[in-house]
Amino acid sequence: MADMESPKEEGPEEERSGVVQRALGWFDSRLGLSYQLLRPAPQYSINPFYWLGALATVAFVIQGVTGSIMMLYYVPDPTQAYATTQYIFQNVSYGTFLETIHLYTAYAMIMLAFMHLMRGYFVSVHKKPRELMWVTGMAMGFVTLGFGFTGYLLPWTIVSKSATDVGIGMMGALPQPVASFLTFLVVGSGSDAGELLRFYDLHVFVLPAVLLVLLVVKMYMLEAHGVSQPTTGVESLPPKKKKLIPIFPDVSVYLVELAALFGSAVIVVSVVFPLALAPEYSAALAGQSVSQPDWYFLWIYQILKISAFEEAGLSVALGAVTVIFLLLVLLPFIDRGKTRSIRDRKLYVTLGAIFVAEVAVLAVWGYLTPGVVIPDEAAVLVLGGTALLVTLGSVVAYKVVFGGLGRMSRRGGSGGVRADRAETPVSARAVSSRSAALWTSGIFVGLLVGGAYFIAGCINAVVALRLGSSGALLSLGASGAGLSFIVVGSMFLLYRLDLGSGSIRRRIRAFEVGWKE
Amino acid sequence: MTDESGVSDGKTVVTERMSLRIVSLLLLVAAVSVFVLWSVNPVGSGSESTFALFLAVDMVCVAMISYVERAVSHEGRMARAPLIAGCVFILLLVFAGIYLTN
């Protein structure tokens, strides 16, 4: 009887009414379902740019699902690889759709990983205490490129086999222990069967396992450090933005929304541009076709095509590319400044913009000139011109955007007296104009990258015209039209910017009456 | 500030009942598109495109339902533009799917 009168000790499930509620409560108290496993995220992180890595993971999951279905039919043997791929295209229900989605999500994964990297670079997420998160992310990026390299060979088409052979050939130009190890890893005995099997194993088992381990490590560190704060600091944000929201359901629902939109976009692109299988590889056909890597390796391929890097210079070019990758990996230990603000990191932001512009220009140039050796002077003109343009653009953008912004902040903040940003909270109006200025500078950089590309196109077309190429006139016209569009866009942007700050009008007036501020 | 039409800061104030109606409608569209995509002939490039487009309709519906749920539970109001854009996108996908079927 005493037991019946004692207070309940079983936990919250006993207090609930109804069989289902009590059953849920029983499981909840034993399994801790309602226990908050992941740390809540701040409201300001409800922004697609904070979740580019998550979208890349969604792409990885889609590839896992589509790849697993394709594995049911694909045989990794040179005599059957192409036939089984063709079988998937022609006989398996929705086979073409499956292959197309697998390829396009791979492209999306690489592009999202690159955007994630560059966004992290510009807002300097690599700084203390996230140095190792950055290094882990870079390792994940390399694994993602490895997916692309190993998966490209599997259909055993003339394009994929020739390009992979060029890639393997380039490994031989690396320093000796590295070259031998990599060649052994991907080629083995040197036979086609061994090579295909190794690529298949790497693509299907090794790389996914490595990526999953790295993903867990990175997620653990994300859980420890949380999402990075805005570069302007959280003090300037309105309280609503600083509020913490739980991962489930708030952030999870947002991620579902993003993932569904991403999935629908990939599906629509796959319907508009369905994949077509290239002809099967044969030694006879290989000699007639120009080998070209997939788009994400085109910028490296274009560097290697510069005539100075032909033959003996190949190891120098590969060394340069390796140094670029090493600098990116070691960035947290090179860029050790405390500030994360884009305004105060002119050098690194300009270098990053140059890197993005050069990669874009090289990739497009490589796509337009397959198998053509690039003369040294053309390379210097295009690459040097792009770097110069982006640098000039960056200087102008900093002067116009942040200069004008500074004046606006001072006007709105403390009545003409320069406010100390570290100590004085910035007004809501200044925050919104700062956000607008960041967007404007982003669009400005985009226009500059486009401008660099079209200028490179013009130079390339002029060189081709002088060499007597028939299609160069059309290319020149298209590049000129693109450049005109960029110029008009830049003028419009500057005009819009001037509506806010009036800085250009003031400066023009200053030119008219003498330079007086 | 909310005006007489229930618009606040450019966003429409949405009650629980209104959100339920929107979600029900989206669920209905999603269910119909699931029925259509599983009823098409699985072999053939045209039917593959139809399947893919109706799958995309489902995904857009899921995204819109997530948006409504998030907006209503968090702020109690939502912008009209994403919903209108989503509806236009769904209509385009459905018409493209019907066109490809024929």
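This report describes a predicted model, taking in turn a helix pair in chain A, the contact between chains A and B, and one residue of chain B.

## Helix packing in chain A

Two packed helices are described by the angle between their axes and the distance between the axes. For helix α5 (residues 95-122) of chain A and helix α11 (residues 247-272) of chain A, the axes come within 9 Å and cross at roughly 125°. Because this angle falls in neither the roughly parallel, the roughly antiparallel nor the roughly perpendicular range, α5(A) is classed as oblique to α11(A), and the crossing of these two helices is right-handed.

On the α5(A) side, the residues that meet α11(A) are Phe97(A), Thr100(A), Ile101(A), Tyr104(A), Thr105(A) and Ala108(A), while α11(A) contributes Val266(A), Val269(A) and Ser270(A). Sorted by class, the residues of this contact comprise six nonpolar and three polar ones, with no charged residue.

## Contact between the chains

Chain B brings 19 residues to the contact and chain A brings 17 residues. The side of chain B that touches chain A consists of 12 nonpolar, four polar and three charged residues.

## Val34 in chain B

Val34(B) belongs to helix α1 (residues 16-39) of chain B. Is Val34(B) buried, partly exposed or exposed? It has 15 C-beta neighbours inside 10 Å, and therefore counts as partly exposed, since a buried residue needs 20 or more and an exposed one has 12 or fewer.

Measuring from C-alpha to C-alpha, Val34(B) lies 25 Å in space from Arg17(B), with 17 residues separating the two in sequence.

How values were computed: Residues are numbered from 1 along each chain as its sequence is written. Chains are lettered from A and ligands numbered from 1 in the order in which they are written. This is a predicted model: local features need pLDDT of at least 70, side-chain atom pairs count only at pLDDT 80 or more; totals for chains, interfaces and linings use all residues. Helices (H or I, at least four residues) and strands (E, at least two) are DSSP runs, numbered from the N terminus. Axes are lines fitted to C-alpha atoms, for helices over the stretch in contact, and angles run from 0 to 180 degrees between N-to-C directions. Angles under 35 degrees count as roughly parallel, over 145 as roughly antiparallel, 65 to 115 as roughly perpendicular and the rest as oblique. A crossing is left-handed if the near helix is turned anticlockwise from the far one by less than a right angle, and right-handed if clockwise. Two residues are in contact if their C-beta atoms, placed from the backbone, lie within 7 Å. Ala, Val, Leu, Ile, Met, Phe, Trp, Tyr, Cys and Pro count as nonpolar, Asp, Glu, Lys and Arg as charged, and the others, Gly among them, as polar.
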